[in-house]
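Q: Got a minute to go through this one with me? I'd like to start with the polar contacts.
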Amino acid sequence: MAHIIVVGNEKGGAGKSTVSMHVATALARLGHKVSTLDLDLRQKTLGTYIRNRERFLQKSGLNLPSPAYRDLPEVDQSALQPGENIYDRRLSAAVAELEPDSDFILIDCPGSHTRLSQVAHSLADTLITPLNDSFIDFDLLAHVDSDGMKILGPSVYSEMVWNARQLRAQAGLRPIDWVVVRNRLGAQQMVNKEKMGAALDNLAKRIGFRTAPGFNERVIFRELFPRGLTLLDLKDIGVKQLNISNVAARQELRDLIKALKLPGVEVDF
């Protein structure tokens, strides 16, 4: 049975698609069969990223390990059962189709609350929530007091994850391993960074997630998208000597994959 990874966060600009592409491609390069779904039916950033990769590799005559991408299948309304939601059917049909030939299915969710995102979270064996290192983004998980120290209560996204956990428990499925990934960390130990770390540690104990380091803000990520490439592909396309920033970013990816603790994954890059 495929291990389902859901990348979710109800706020745009947190780096979900960048994390999704790098995790999916890293797993493919480690020899795993990886399939992907993009539930942002309007923008489809992950889908565009992977198709950019397909075009670039074909044009360049390269054959690099890559995740497979699948659009959600269309479903005839007449085929639905009474009361059945069409988005539930489309997502379940896509997962059922991909599961027999996949070690991992990675699902990238939109930066807003949708029915598809809600259902996807209940399917997650591993949930990755990229979070920018600011209290504006922290508010997605919980409300805090004016000093940023006292947690006043969970926010809407945490409540959705809780509901997804309840649904999985009722179905007899294993609990979601929820990993909050701190993205766009500043290089310096600033007061805000320390407060964010303390608040996350406090909240993690209350609502049950792990934290993992993500990516610092780097230009390289924006440069890779048009060609569909990731940090692990640079040497394969002729970059002989990685600069310091690229080496650091590659190490960040390595640390992230290790921190996810995915079944059967041994990091050797």
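A: Sure, definition up front: a polar contact is a pair of N or O atoms within 3.5 Å; within protein, one must be able to donate a hydrogen and the other to accept it, and residues adjacent in sequence count only if both atoms are side-chain atoms. Bear in mind that this is a predicted model, where local features need pLDDT of at least 70, side-chain atom pairs count only at pLDDT 80 or more, and totals for chains, interfaces and linings use all residues. Numbering runs from 1 along each chain as its sequence is written, and side-chain values use heavy atoms, with hydrogens and water left out.

Q: OK, what does the side chain of N9 reach at 2.5 Å?
A: The backbone oxygen of P130. A polar atom of the N9 side chain also lies 2.8 Å from the backbone nitrogen of K11.

Q: And is N9 buried or exposed?
A: N9 counts as buried because its relative accessibility is 1%, and buried means under 20% relative accessible area (1.4 Å probe, protein chains only).

Q: Where does N9 lie?
A: In the loop between β1 and α1; helices (H or I, at least four residues) and strands (E, at least two) are DSSP runs, numbered from the N terminus.

Q: Switching to β4: how many of its residues are buried?
A: Five of its five, residues 104-108. F104, L106 and D108 sit on one side, I105 and I107 on the other.

Q: Why two sets like that?
A: In a regular strand the side chains alternate between the two faces of the sheet.

Q: Which strand pairs with β4 in the parallel sense over five bridges?
A: β2 (residues 34-38) does, with V34 partnering F104. β1 (residues 3-7) also runs parallel to β4, joined by five bridges, and there I4 stands opposite I105. Strands pair here if DSSP finds at least two bridges between them.

Q: Now pockets. What volume does the largest pocket have?
A: About 510 Å³. Of the 27 residues lining the largest pocket, G15, K16, S17, T18 and R184 are the closest to its centre. On a 1 Å grid over the protein atoms alone, a pocket is an open set of points where a 1.4 Å probe fits, with protein on both sides within 12 Å along at least five of seven lines; lining residues have an atom within 4 Å of a point. Grid points are joined across faces, edges and corners, and the volume is the space filled by probe spheres set on the points.

Q: Which element gives the largest share of that lining?
A: α1, with four residues.

Key
Buried means under 20% relative accessible area, exposed over 50%, partly exposed in between (1.4 Å probe, protein chains only).
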